[in-house]
Amino acid sequence: KKKDTMSEQTNKPAKQFRSGALSVGVWARRHNEEVFYNATPQRAYLDKKDTSGGADGTWKYTDSLGRDDLPIIAALLAQAFAWIVMMEAKANEQNKA
């Protein structure tokens, strides 16, 4: 069996792009022997009021982005797009072989 780009046993992205607290996760989903990708941008923040994760607080994630986050997320999304295009090209090459 071919190894594919996604882990079927875990709920982790196939690829992650990061810059500081910002990240874009690329998710892979297989349907009828074809892989489809989608991307989710997010920002990590430390909730100091929630100490269930430790005395310093708990790391949480949001899809709410500030003005200064937008150009960075745009760059991360561009990287994600390039990676998806590369993965699709590889899959097309393998299907032709």
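A strand here is a DSSP run of E with at least two residues, and strands are numbered from the N terminus. With that settled, I looked up Tyr61 and found it in strand S4, residues 58–62. I note at the start that the model is predicted.

**Entry 1: the overall layout**

I listed the elements and got 1 helix and 4 strands. Read from the N terminus on, their order is β-β-β-β-α. I also looked up burial for the whole protein: of its 97 residues, 21% count as buried.

**Entry 2: strands S1 and S2**

How do S1 and S2 run relative to each other, parallel or antiparallel? I found that strand S1 (residues 15–19) and strand S2 (residues 22–31) are antiparallel, and that 5 bridges join them. As one example of facing residues, I noted Arg18, which stands opposite Ser23 in S2. The two strands form a hairpin with 2 residues between them. In that turn I checked Gly20, whose phi is positive, at about 60°.

I then looked at Lys15 and Phe17. Lys15 lies over the face of Phe17, and I wrote down 5.7 Å from the ring centre.

**Entry 3: strands S2 and S3**

I moved on to the pairing of S2 with S3, which is antiparallel and has 10 bridges. I picked out Trp27 and looked for its bridge partner in S3, which is Asn38. S2 and S3 also form a hairpin, again with 2 residues between the strands.

**Entry 4: the loop between S2 and S3**

Before checking the backbone here, I reminded myself that most residues other than glycine have a negative phi. Which sign does phi have at Asn32, positive or negative? Asn32 is not a glycine, yet its phi is positive, at about 50°. I placed Asn32 in the loop between S2 and S3. Asn32 has 67% relative accessibility, and since exposed means over 50%, I entered it as exposed.

Glu33 lies in the loop between S2 and S3 as well. Its phi is near 65°, which is a positive value in a residue other than glycine. I entered Glu33 as exposed because its relative accessible area is 71%.

**Entry 5: the aromatic pair**

How many aromatic pairs does the structure hold? I found 1. The pair is made by Tyr37 and Trp83, and its geometry is edge-to-face. I recorded 5.7 Å centre to centre and 80° between the planes. The angle fits the label because planes over 60 degrees apart count as edge-to-face.

I then asked where the two rings sit in the chain. Tyr37 lies in strand S3 (residues 34–47) and Trp83 in helix H1 (residues 70–96), so the pair ties together parts that are 46 residues apart in sequence.

Are Tyr37 and Trp83 buried or exposed? Buried means under 20% relative accessible area. Tyr37 has 18% relative accessibility, so I entered it as buried. Trp83 has a relative accessible area of 12%, so it is buried too.

**Entry 6: a nonpolar patch**

Last, I looked for nonpolar side chains on the surface. Leu46, Trp59 and Tyr61 form a nonpolar patch there. Together they have about 360 Å² of accessible area. I went back to Tyr61, the residue I began with in S4. Its relative accessibility is 52%, so Tyr61 counts as exposed.

Notes:
Residues numbered from 1 in each chain as written. Predicted model: local features only at pLDDT ≥ 70, side-chain atom pairs only at ≥ 80, totals over all residues. Heavy atoms only, no water. Phe/Tyr/Trp six-rings, centres within 6.5 Å; stacked < 30°, edge-to-face > 60°. Buried < 20%, exposed > 50% of the residue type's maximum accessible area, 1.4 Å probe, protein only. Lys NZ or Arg CZ within 6 Å of the ring centre and 35° of its normal. Pairing = 2+ DSSP bridges. Patch = residues over 30% accessible without salt bridge, like charges linked within 9 Å, V, L, I, M, F, W, Y side chains within 5 Å. Areas by Shrake-Rupley, 256 points an atom, 1.4 Å probe, with all protein chains shown as cover. Salt bridge = Lys/Arg side-chain N within 4 Å of Asp/Glu carboxyl O.
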